[in-house]
Amino acid sequence: MGFRCVYDPRQLPFAGDVTLAQYVAVPEVLADRWAAAGLLASSALPIAMDRFTMSMAWHARRDDDAALHWLMGVIEDEARAAP
């Protein structure tokens, strides 16, 4: 599984005014899906990225939060679908 850089092309800075907060590295499968849906643009990363372990954490008072459990399920499903 490779990674790609994604960004919102509507929020591109003026030439030379680039900050790291405007870009994020995500698995290729997600970058391709978001780009195909027209949500974000995608480009190659300028560096090589090794595989890593993704973890989720939340405060104990959110243990019964149905919305949080839904979101975690979506993230887990997407991660499992990645090659």
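**A guided reading of the predicted model**

At 35% relative accessibility, Glu28 counts as partly exposed, because that value lies between the limits of 20% for buried and 50% for exposed. The structure in which Glu28 is examined here is a predicted model. Glu28 belongs to helix α1, which covers residues 28–36. Beyond the neighbours within four places in sequence, the contacts of Glu28 are with Gly2, Phe3 and Arg4. A further spatial relation links Glu28 to Ser43: the two are 15 residues apart along the chain, and their C-alpha atoms are separated by 9.8 Å.

Helix α1 also contains Asp32. With a relative accessible area of 45%, Asp32 is partly exposed, since this figure too falls between 20% and 50%. Asp32 can be related to Val6, which is 26 residues away in sequence; from C-alpha to C-alpha, the distance between Asp32 and Val6 is 9.3 Å.

These residues may now be placed within the chain as a whole. The protein chain has two helices and three strands, and from the N terminus on, these elements follow the order β-β-α-β-α. The chain comprises 83 residues, of which buried residues make up 16%. Its accessible surface comes to about 6,500 Å², and carbon and sulfur atoms account for 59% of that area. When contacts between residues at least 6 apart in sequence are considered, 59% of them join residues at least 24 apart.

The loop between β3 (41–44) and α2 (66–81) includes Met56. Met56 has a relative accessible area of 40% and is therefore partly exposed. Met56 takes part in a nonpolar surface patch of about 990 Å², whose other members are Ile47, Met49, Phe52, Met54, Trp58, Trp70, Leu71, Val74 and Ile75. Membership of such a patch requires over 30% relative accessible area, and the 40% of Met56 satisfies this condition.

The final part of this reading concerns α2 and the residues that precede it. At the start of α2, a side-chain oxygen of Asp65 comes to within 2.9 Å of the backbone nitrogen of Ala67. Asp65 also forms a salt bridge with Arg62, in which the closest N and O atoms are 2.5 Å apart. The structure holds one salt bridge. Its partner Arg62 has 38% relative accessibility and so counts as partly exposed.

What span should the 16 residues of α2 have at 1.5 Å a residue? The expected value is 22 Å, because the rise is multiplied by one less than the number of residues. The end C-alpha atoms of α2 are 23 Å apart, which agrees with that expectation. In an α-helix there are 3.6 residues a turn, so residues three or four places apart point the same way. With this in mind, the reader may return to the nonpolar patch, where Trp70, Leu71, Val74 and Ile75 are among the members.

Key: Residues are numbered from 1 along each chain as its sequence is written. This is a predicted model: local features need pLDDT of at least 70, side-chain atom pairs count only at pLDDT 80 or more; totals for chains, interfaces and linings use all residues. Side-chain values use heavy atoms; hydrogens and water are left out. Patches are made of residues with over 30% relative accessible area and no salt bridge: like charges are joined within 9 Å, nonpolar side chains (Val, Leu, Ile, Met, Phe, Trp, Tyr) within 5 Å. Accessible areas come from the Shrake-Rupley method with a 1.4 Å probe; for residues, only the protein chains shown count as cover. A salt bridge is a side-chain nitrogen of Lys or Arg within 4 Å of a carboxyl oxygen of Asp or Glu. Helices (H or I, at least four residues) and strands (E, at least two) are DSSP runs, numbered from the N terminus. Buried means under 20% relative accessible area, exposed over 50%, partly exposed in between (1.4 Å probe, protein chains only). A polar contact is a pair of N or O atoms within 3.5 Å; within protein, one must be able to donate a hydrogen and the other to accept it, and residues adjacent in sequence count only if both atoms are side-chain atoms. Contact means heavy atoms within 4.5 Å.
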